[in-house]
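Visitor: Could you walk me through one part of this model in detail? I would like to look closely at the place where the two chains meet, and then at what surrounds it.

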Protein chains: 2
Amino acid sequence: MDLHILDHRLRVTSIAKNGLANFTHPLIKLIFLRNRTRCKFFSLTETPENYTVVLDQEGFKELQPSEHLQVESSIWLPLNVVSNGNASSSSQAVGVTKIAKSVIAPLAQQHVSVFMLSTYQTDFILVRENDLSVVISTLEEEFNIYKEVGGESVPVQCQDVSNGLQKNGKEAIQHTVHPVLIPKNQFCVMSLDPDTLPSIATTLIDVLFYSSSPKEDAQSSSSEDCVKFFSFSLIDGYISLVMDTDAQRRFPADLLFTSSSGELWRMVRIGGQPLGFDECGIVAQISQPLADSDISAYYISTFSFDHALVPEEDIVSVTDMLQHQRKEPATS
Amino acid sequence: MDLHILDHRLRVTSIAKNGLANFTHPLIKLIFLRNRTRCKFFSLTETPENYTVVLDQEGFKELQPSEHLQVESSIWLPLNVVSNGNASSSSQAVGVTKIAKSVIAPLAQQHVSVFMLSTYQTDFILVRENDLSVVISTLEEEFNIYKEVGGESVPVQCQDVSNGLQKNGKEAIQHTVHPVLIPKNQFCVMSLDPDTLPSIATTLIDVLFYSSSPKEDAQSSSSEDCVKFFSFSLIDGYISLVMDTDAQRRFPADLLFTSSSGELWRMVRIGGQPLGFDECGIVAQISQPLADSDISAYYISTFSFDHALVPEEDIVSVTDMLQHQRKEPATS
């Protein structure tokens, strides 16, 4: 398998719920006006806590410093696993499950924090730029590693990284087992042709920027057992949308498409308290048992919490599995 | 002829050029998200100086006080002349020309300030609420006057206004003859079906909110002899757009429509220094000679200057007429 270190230097930021209006101008530019910006990696995820915005340096320049904007101090690099046909795995599962044992677990063992961003098209594994040499030395046995430079994939040679090699210790640490929340909403993971993005602009603007303001003709349909979660990303020209079925109904049915049979997903939100960015092994804690059971999963980290999406038909077994995990003594 | 006092109480405001980003959130809501607002009268006009926003009280609530927002202190009421088939005028001209002698001139003589807002559909004559009794007593001989109340047109009886009657003095005052500027751009006055507004949303957002920021693939086509002017209004569900041909080319040709034969208009900007709101007779100064020559004209007041639009083929004679007016001694 190939691992690509993509040519984006990313910032992970959070906009306060009550501060979004101040950022409507730059965000609409980044989402809809491709010829006004050089930003090539943009992701916006609304959760009940805040809006998590992950974007490259060109996009980050658009966000004015503000009391409403929190910025994680590191530069993050997105990694991407490309199956080159030689995959030995017999797994049919997709998403983070596919890379749980080959990428997520080894990085957790090396105490490398990861920030996951699953999209319709692929799963991005964000790692800190400072951890890159550890990442490469950890994964080079399993993967052919390439660095994307100006559109070209350049193989990463061992000697390129030997200088920076600073493999973290392997001592076992006691990972916190975080509480999980399983809201009732059903989610879909969708995409659309970027050329049709203008057709859904007003609906998308409404959902992203005005969903918290009251509607004049409102009939509120969201139950208390549901959790607000909406994710939009525009990465290298590809659009991905994760939304619940309530939000989906507001979009024209003929423009958004899902993979295969319009499958629905349920969410597992990880974390009782905001997780921060330094703890490692959180993704591994969820993705390893999913991999053991060969259950597909999307995984979206946000500024405060992590979110796994599993197929609706698997939510009972996933719930059982997580309850079991939480009764056992925590292990590394 | 009938004169309708419409059921909107309006504020006239101005947003500074460098402050627009702070108002993107409420303005996009007012323009595109009809089910999120009760605002029924909204107009936004960009000029080189600022953005003039005229809107009803429901819309005004959306604008947060800010150093970038100037608000004229009065409540303004829109008047509207409806030709009821008994019109004695043989004039073929449209726009403000049609009401120059019957409305504009008499109000100027009574020292009533007017703020004009021509749209594709009609011409709104805004007067201060405090001037209403003078307006009614001035125009009641010429017009059947109706007040719109909750969708009903109620005839205004003389006794309704006799209490407030405070006809201003008729003494002649020396009106300032303001300098005029005649930019080179050609303008069109257009409309579109409100149901197709979402189709042009991203283009309209780009033109309205991002035209001053550099474009990544830019070829700047605006000449120094042109003046930035773009007006959008959404009034009682009707959309009107005034833009120059450079802006027009950015919109899909099949959605916007102009009256009759796609006629083009040239602009006369009135005022060397910002005009303020207290001087009266400015509209009359331009519209009377146009009426004498039976030349159609749209007329759009903004926070700083007034703007008349005349048919392209008449611009030479209008220019001559205005030059002549500026050489003569000023008259009341």
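How much area do chain B and chain A bury between them, and what share of it is on carbon and sulfur atoms?

Guide: Happy to take you through it, and please keep in mind that this is a predicted model. Chain B and chain A bury about 2500 Å² between them, and carbon and sulfur atoms carry 54% of that area. Area lost when parts come together is a common way to give the size of an interface. In terms of residues, 26 of chain B are in contact with 26 of chain A.

Let us turn to the polar side of this interface. Between chain B and chain A there are two salt bridges. One of them pairs Asp206(A) with Arg36(B), with 2.5 Å between the closest N and O atoms. Across the interface of the two chains, 10 residue pairs are in polar contact, with both residues at pLDDT 80 or more. On the side of chain B that touches chain A, the elements giving two or more residues are helix H1 (24–32) and helix H6 (201–210) of chain B. The residues on that side of chain B comprise 11 nonpolar, seven polar and eight charged ones.

Helix H6(B) deserves a pause here. It is mostly covered, with 10 of its 10 residues buried. Among them are Leu204(B), Ile205(B), Asp206(B), Val207(B) and Phe209(B). Helix H4 (residues 132–139) of chain B can be viewed alongside it: eight of its eight residues are buried, so H4(B) is largely enclosed by the rest of the structure. The buried residues of H4(B) include Leu132(B), Val134(B), Ile136(B) and Leu139(B), together with Ser133(B), Ser137(B) and Thr138(B).

Now for the salt bridges within the chains. Over all chains, the structure holds 28 salt bridges. Take Arg34(A) and Asp195(A), which form one with their closest N and O atoms 3.8 Å apart. Arg34(A) sits in the loop between helix H1 (24–32) and strand E3 (41–46) of chain A, while Asp195(A) sits in the loop between strand E12 (186–191) and helix H6 (201–210) of chain A, so the pair ties together parts that are 161 residues apart in sequence. Arg34(A) counts as partly exposed, at 46% relative accessibility, and Asp195(A) counts as exposed, at 61%.

Another pair in chain A is Asp225(A) with Lys184(A), where the closest N and O atoms are 3.7 Å apart. Here Asp225(A) belongs to the loop between H6 and strand E13 (230–235) of chain A, and Lys184(A) to the loop between strand E11 (180–181) and E12 of chain A, so this salt bridge ties together parts that are 41 residues apart in sequence. Asp225(A) is partly exposed, with 45% relative accessibility.

In chain B, the side chains of Glu46(B) and Lys17(B) meet in a salt bridge at 2.6 Å, N to O. Glu46(B) lies in strand E3 (residues 41–46) of chain B and Lys17(B) in the loop between strand E2 (10–16) and H1 of chain B, so the two tie together parts that are 29 residues apart in sequence. Glu46(B) is buried, with a relative accessible area of 2%, whereas Lys17(B) is partly exposed at 29% relative accessibility. Over in chain A, salt bridges that share partners join Lys17(A), Glu46(A) and Lys228(A) into one network.

One more site in chain B is worth a look. Ser296(B) is found in the loop between helix H8 (282–292) and strand E17 (298–301) of chain B. Ser296(B) counts as buried, at 13% relative accessibility. A polar atom of the Ser296(B) side chain lies 2.8 Å from the backbone nitrogen of Val94(B). Setting aside neighbours within four places in sequence, the contacts of Ser296(B) include Ala93(B), Val94(B), Thr97(B), Trp265(B) and Pro311(B).

Finally, a step back to chain A as a whole. Its secondary structure comes to nine helices and 18 strands. Of the 332 residues in chain A, 55% are buried. Among chain A contacts between residues at least 6 apart in sequence, 80% join residues at least 24 apart. The accessible surface of chain A comes to about 14500 Å², with 46% of it belonging to carbon and sulfur atoms.

Terms used. Residues numbered from 1 in each chain as written. Chains lettered and ligands numbered in written order. Predicted model: local features only at pLDDT ≥ 70, side-chain atom pairs only at ≥ 80, totals over all residues. Heavy atoms only, no water. Helix = DSSP H or I, 4+ residues; strand = E, 2+ residues; numbered from the N terminus. Buried < 20%, exposed > 50% of the residue type's maximum accessible area, 1.4 Å probe, protein only. Contact = heavy atoms within 4.5 Å. Areas by Shrake-Rupley, 256 points an atom, 1.4 Å probe, with all protein chains shown as cover. Buried area = accessible area lost by both parts, 1.4 Å probe. Salt bridge = Lys/Arg side-chain N within 4 Å of Asp/Glu carboxyl O. Polar contact = N/O pair within 3.5 Å; in protein donor to acceptor, adjacent residues only side chain to side chain. Nonpolar A, V, L, I, M, F, W, Y, C, P; charged D, E, K, R; others polar.
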